[in-house]
Amino acid sequence: MKHKQKIVVLSGAGISAESGIKTFRDADGLWEGHDVMEVATPQGFAKNPELVLNFYNQRRKQLLHVKPNKAHIALVDLERHFNISVVTQNVDDLHERAGSSNVIHIHGELLKVRSSVNVDAVLEWKKDLFLGDLCENGHQLRPHIVWFGEEVPLLTKAAELVQNADIVIIIGTSMQVYPAAGLVNYAQHGTPIYFVDPKPSIQKSDFENLTIIPETAVNGMPILVASLMDKIV
Ligand code: OAD
């Protein structure tokens with residue numbers, strides 16, 4: 001059998017936009033009506049834990065009502081021809097629900113919670129989370145989300161994947177949040193990079209072998225798939 005090329009997909013909020021989940025920076029600088037610093041920092045959690053838990057309870061509920069879109073599904077279809085790893089900044093589970101085989105969530109997962117003391121005590125969690133919900137050692141549980149200022153435990157693994165990629169695809173991210181935005185720089189010199197985003201934040205001259213597809217994820221993926229298929233036949 002022919003060796004499959006390795007594609008690493010770096011996805012951001014834009015890939016889930018057409019499923020009905022709002023992006024962070026598109027509207028008015030607010031995330032579902034909240035200042036990001038209020039709901040996505042350890043300081044925000046310390047100041048008003050109830051508000052933060054409630055905010056993620058709403059996000060978790062919303063997730064039950066949305067579905068993967070054609071862009072998530074296109075990435076699954078590509079697995080027939082390529083060895084695909086998805087490194088997502090998204091905390092939703094739409095890549096998994098679409099059927100992607102290899103997904104890592106560098107900013108955590110909405111459907112998991114963890115001890116607020118022990119980073120490794122992680123539990124699956126589909127319901128609401130309240131003050132008083134404790135881990136087995138008696139510590140308050142919190143959303144399993146990497147908040148601003150916190151370490152990104154999966155960064156090394158993600159960087160290694162990008163380093164070994166034959167092709168890198170970036171979809172729907174403003175490339176503003178580090179270290180996630182820096183991952184593309186681990187690609188080997190000359191690796192083909194594709195960027196699908198209606199308002200692309202990087203320019204052709206930023207990378208040696210960059211193709212920008214200035215479309216939404218759902219409209220841009222068929223263009224990208226056609227271009228990738230052209231190259232393997
Ligand atoms: P942003 O909201 O910063 O950027 C969303 C990107 O998606 C923008 O470049 C938009 O142009 C693009 N976009 C909008 N609609 C699109 C569509 N239909 N198809 C494709 N692209 C579209 O989201 P991220 O870059 O993912 O962290 O944000 C990075 C991190 O900031 C998030 O992971 C989150 C946040 O704070 C945490 O929650 C820890």
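Which strands each supply at least two residues of the lining of the second largest pocket? The model examined here is predicted, with local features requiring pLDDT of at least 70 and side-chain atom pairs counted only at pLDDT 80 or more, while totals for chains, interfaces and linings use all residues. Residues are numbered from 1 along each chain as its sequence is written, and side-chain values use heavy atoms, without hydrogens and water.

The largest pocket (an open set of points on a 1 Å grid over the protein atoms alone, where a 1.4 Å probe fits, with protein on both sides within 12 Å along at least five of seven lines) holds about 930 Å³ of space. Its lining (residues with an atom within 4 Å of a point) comprises 48 residues, among which G12, A13, T23, F24 and R25 lie nearest the centre. Helix 1 (14-17) and helix 4 (49-63) each supply at least two residues of this lining, helices being DSSP runs of H or I with at least four residues and strands being runs of E with at least two.

The second largest pocket has a volume of about 360 Å³, and of its 19 lining residues V119, H144, V146, P153 and L154 are the closest to its centre. The strands that each supply at least two residues of this lining are strand 3 (103-105), strand 4 (108-115) and strand 6 (141-145), with strand 4 giving the most, at 4 residues. At least three residues of the lining of the second largest pocket come from each of domain 1 (1-21 + 68-107 + 152-233) and domain 2 (24-65 + 109-145), the bounds being taken from an automatic or database domain assignment.

How values were computed: Points joined across faces, edges and corners; volume = space filled by probe spheres on them.
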